Amino acid sequence: MEQTNGLPRALKAARQSAGITIERAAVECGCSVRTVTRAESGESTPRVPLLQEMARVYGVSLESLVHEDHSDIPANAGNQMHDGPATARKRAVAQPKGN
């Protein structure tokens, strides 16, 4: 059953804005790919500890994910990359060694 609130959209936008794949998000958050996918589709709602971890990994506040306005998540998050310190660190971690 799909949710009508903006949490799934906010989760996906924050992940994409951070330049993180679903697979990397699952690894960094300590959950399964299915859990991330279900949260982003609205099929399920993550518990607060997982939401806190997702916010940390994506470099956004928990409040930005759960509040209806989602004003600090860019509207075009999927279309651009933000190179904040958290994003740069995540990219460095995500790149295979030797490249």
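This is a short talk on the helices, salt bridges and buried residues of one predicted model.

Hi everyone, thanks for coming. What you have on the screen is a predicted model, so please hear everything I say as a description of that model. Let me start with the overall layout and then walk through the parts.

The secondary structure comes to six helices and zero strands. Reading from the N terminus, the order of elements is α-α-α-α-α-α, which is at least easy to remember. The protein has 99 residues, and 34% of them count as buried. If you take the contacts between residues at least 6 apart in sequence, 64% of those contacts join residues at least 24 apart. For the surface people among us, the protein exposes about 5,900 Å², and carbon and sulfur atoms supply 52% of that area.

Let's go to helix H1, residues 7–17. How many of the eleven residues of H1 are buried? Eight of them are, so H1 is mostly covered. The buried residues are Leu7, Pro8, Ala10, Leu11, Ala13, Ala14, Arg15 and Ser17. And what covers them? The cover includes H2, H3, H4 and helix H5, which is 62–66. Lys12, also in helix H1, is a partly exposed residue, because its relative accessible area is 38%, between the 20% and 50% cut-offs. The C-alpha atom of Lys12 is separated by 9.0 Å from that of Ile22, ten residues away along the chain. Just after H1 comes Gly19, with a positive phi of about 75°.

You may have noticed an arginine in that list of buried residues, and that brings me to the salt bridges. A search of the whole structure finds four of them, and I'll show you three.

The one I'd like to begin with involves Arg15. Its side chain meets the side chain of Glu40 in a salt bridge, 2.5 Å from N to O. This pair links distant parts of the chain: Arg15 sits in helix H1 and Glu40 in helix H3, residues 33–41, and they are 25 residues apart. Are these two partners buried or exposed? Arg15 counts as buried because its relative accessibility is 6%, under the 20% cut-off. Glu40 has 13% relative accessibility, so Glu40 counts as buried too.

Next, helix H2. Here Arg24 and Glu28 meet through their side chains in a salt bridge, with 3.6 Å from N to O. Both lie in helix H2, residues 22–29, four residues apart, which is about one turn of the helix. Arg24 is partly exposed at a relative accessible area of 25%, whereas Glu28 is buried at 18%. Besides Glu28, the buried residues of H2 are Ala25, Ala26 and Cys29. Just after H2, Gly30 takes a positive phi of about 75°.

Moving on to helix H4, residues 48–58, we find Glu53 and Arg56 three residues apart, about one turn of the helix. They form a salt bridge, and the closest N and O atoms are 2.5 Å apart. Glu53 counts as partly exposed at 23% relative accessibility, and Arg56 is partly exposed with a relative accessible area of 44%.

While we're in H4, have a look at Gln52, which is found in the helix too. Gln52 counts as partly exposed, with 44% relative accessibility. From Gln52 to Glu63 the C-alpha to C-alpha distance is 9.5 Å, and the two are eleven residues apart in sequence.

My last stop is the packing of H3 and H4. Two packed helices are described by the angle between their axes and the distance between the axes. For H3 and H4, the angle is about 90° and the axes are 13 Å apart. That makes H3 roughly perpendicular to H4, because angles of 65 to 115 degrees count that way. Which residues meet there? From H3 we have Thr35, Val36, Ala39 and Glu40, and from H4 we have Leu50, Met54 and Tyr58. The residues of this contact divide into five nonpolar, one polar and one charged. Glu40 is a familiar name here: it is the salt-bridge partner of Arg15, and it also belongs to the contact of H3 with H4.

That's my tour. Thanks for listening, and I'm happy to rotate the model for anyone who wants another look.

Terms used. Residues are numbered from 1 along each chain as its sequence is written. This is a predicted model: local features need pLDDT of at least 70, side-chain atom pairs count only at pLDDT 80 or more; totals for chains, interfaces and linings use all residues. Side-chain values use heavy atoms; hydrogens and water are left out. A salt bridge is a side-chain nitrogen of Lys or Arg within 4 Å of a carboxyl oxygen of Asp or Glu. Helices (H or I, at least four residues) and strands (E, at least two) are DSSP runs, numbered from the N terminus. Buried means under 20% relative accessible area, exposed over 50%, partly exposed in between (1.4 Å probe, protein chains only). Axes are lines fitted to C-alpha atoms, for helices over the stretch in contact, and angles run from 0 to 180 degrees between N-to-C directions. Angles under 35 degrees count as roughly parallel, over 145 as roughly antiparallel, 65 to 115 as roughly perpendicular and the rest as oblique. Contact means heavy atoms within 4.5 Å. Ala, Val, Leu, Ile, Met, Phe, Trp, Tyr, Cys and Pro count as nonpolar, Asp, Glu, Lys and Arg as charged, and the others, Gly among them, as polar. Accessible areas come from the Shrake-Rupley method with a 1.4 Å probe; for residues, only the protein chains shown count as cover.
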